[in-house]
Amino acid sequence: MKKVLSAGAIALLFFFISCTEKSATTAATTNDAAEKAKANNRAVLKAITAGDVSKIDSFMTNDAVDHSGANGMEEVKGADNIKKDLGSMKQGFSSMDFDVMNETAEGDHLYVLTKMSGTTSATPPQGMQPNMKVEMTGVDMFKFNSDGLISDHWSFNDPKDMMKMMGGGDKMMQPGMDNKMDPKMNDKMMNKKMDTVKKM
């Protein structure tokens, strides 16, 4: 009887050791993927700053989706389309810089607090003035795979920063601008926010 119990105890011990090793291996793999995802995001930001996004598709999956693409208004699907969309960002700025202030990974999601600063070009993004100093802090959320490649991206920005970038400061609109939003545009923005919340 003692021999049976001893054999059972040994088998149980090996089972727990095996589970612990598998758990440690899984955690290490997850941490590696998260670190790669952090590096991939930083590489994308560096490419945007340099104005050369020719290689950013190597930091994401082929079927990646930017849920905050096209100036935050539309989903952009596929690495090639995301590359084109991000490539147009630098065109509206004569200078641009990104400061990664904080990065936190949980499971297969990465959360990054980033401050973007720069000066608009002579042909600025829609709603902004030429040669204007801009600064905006936002949170980006990424989903990544086991290789650390980014598959999904969402961006959330402070509305006050957005108004400042549009030249409104503490005011809702610049003088002379129409203070009424197109109802279709308002519906589109609300639907996008609701879809984003549902996917989270």
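**Exercise 1. Follow the pairing of strands S5 and S6, beginning with Phe142.**

*Task.* Determine which residue of S6 stands opposite Phe142, and establish how S5 and S6 are joined.

*Solution.*
Step 1. In this predicted model, the residue of S6 that stands opposite Phe142 is His153.
Step 2. Asp140 likewise has a partner in S6, namely Ser155.
Step 3. S5 and S6 run antiparallel, and 7 bridges join them.
Step 4. The two strands form a hairpin with 5 residues between them. Gly148, which lies in the turn, has a positive phi of about 80°.

**Exercise 2. Describe the surroundings of Asp140.**

*Task.* State whether Asp140 counts as buried or exposed, and identify the side chains with which Asp140 makes polar contacts.

*Solution.*
Step 1. Asp140 is located in strand S5.
Step 2. The relative accessibility of Asp140 is 16%; the cut-off for a buried residue is under 20%, so Asp140 counts as buried.
Step 3. The side chain of Asp140 is joined to that of His153 by a polar contact of 2.7 Å. A further polar contact, of 3.3 Å, links the side chains of Asp140 and Ser155.
Step 4. When neighbours within four places in sequence are left aside, the residues in contact with Asp140 are Leu110, Tyr111, Val112, Thr114, His153, Trp154 and Ser155.

**Exercise 3. Place Phe156 relative to Asp140.**

*Task.* Find the separation of the C-alpha atoms of Phe156 and Asp140, and classify the accessibility of Phe156.

*Solution.*
Step 1. Phe156 belongs to strand S6, whereas Asp140 belongs to strand S5.
Step 2. Although the two residues are 16 residues apart along the chain, their C-alpha atoms are separated by 6.3 Å.
Step 3. Phe156 has a relative accessibility of 33%; a value between the 20% and 50% cut-offs means partly exposed, and Phe156 is therefore assigned to that class.

**Exercise 4. Reconstruct the sheet.**

*Task.* Give the order of the strands in the sheet, name the edge strands, and describe the pairing of S1 with S6 and of S4 with S5.

*Solution.*
Step 1. The chain contains 5 helices and 6 strands. Along the sequence, these elements follow the pattern α-β-α-β-α-β-β-β-β-α-α.
Step 2. An open sheet of 6 strands is arranged in the order S2-S1-S6-S5-S4-S3, and its pairing is mixed.
Step 3. Strand S2 (74–77) and strand S3 (93–106) are the edge strands, each pairing on one side only. From one strand to the next, the twist averages 20°.
Step 4. The parallel pairing is found between S1 (residues 60–68) and S6 (residues 150–157), over 3 bridges. Met60 stands opposite Ile150 in S6, and Asp152 in S6 is the bridge partner of Val65.
Step 5. S4 and S5, by contrast, pair in the antiparallel sense over 11 bridges. Here Leu113 stands opposite Val139 in S5.

**Exercise 5. Relate helix H3 to the sheet.**

*Task.* Identify the strands across which H3 lies, and explain why its buried residues line one face of the helix.

*Solution.*
Step 1. Helix H3 (residues 79–87) lies across S1 and S2, and runs at about 50° to S1.
Step 2. Ala79, Ile82, Asp85 and Leu86 are the buried residues of H3.
Step 3. Viewed down the axis of H3, these buried residues fall within an arc of 120°, so they line one face of the helix.

**Exercise 6. Analyse the largest nonpolar core.**

*Task.* Determine how many residues form the largest nonpolar core, and which elements supply them.

*Solution.*
Step 1. The largest nonpolar core comprises 28 residues, within which Ile48, Ile56 and Met60 have the most contacts.
Step 2. At least two residues of this core come from each of helix H1 (2–50), S1, H3, S3, strand S4 (109–120) and strand S5 (133–144). H1 gives the most, with 7 residues.
Step 3. Not counting residues up to four places away in sequence, Ile56 touches Val44, Ala47, Lys83 and Leu86. Of these, Leu86 is one of the buried residues of H3.
Step 4. For the chain as a whole, 31% of the 200 residues count as buried. Among contacts between residues at least 6 apart in sequence, 52% join residues at least 24 apart.

How values were computed: Residues numbered from 1 in each chain as written. Predicted model: local features only at pLDDT ≥ 70, side-chain atom pairs only at ≥ 80, totals over all residues. Heavy atoms only, no water. Pairing = 2+ DSSP bridges. Helix = DSSP H or I, 4+ residues; strand = E, 2+ residues; numbered from the N terminus. Axes fitted to C-alpha atoms, helices over the stretch in contact; angles between N-to-C directions. Contact = heavy atoms within 4.5 Å. Core = buried A, V, L, I, M, F, W, Y, C linked by side-chain atoms within 4.5 Å. Buried < 20%, exposed > 50% of the residue type's maximum accessible area, 1.4 Å probe, protein only. Arc of directions from axis to C-beta. Polar contact = N/O pair within 3.5 Å; in protein donor to acceptor, adjacent residues only side chain to side chain.
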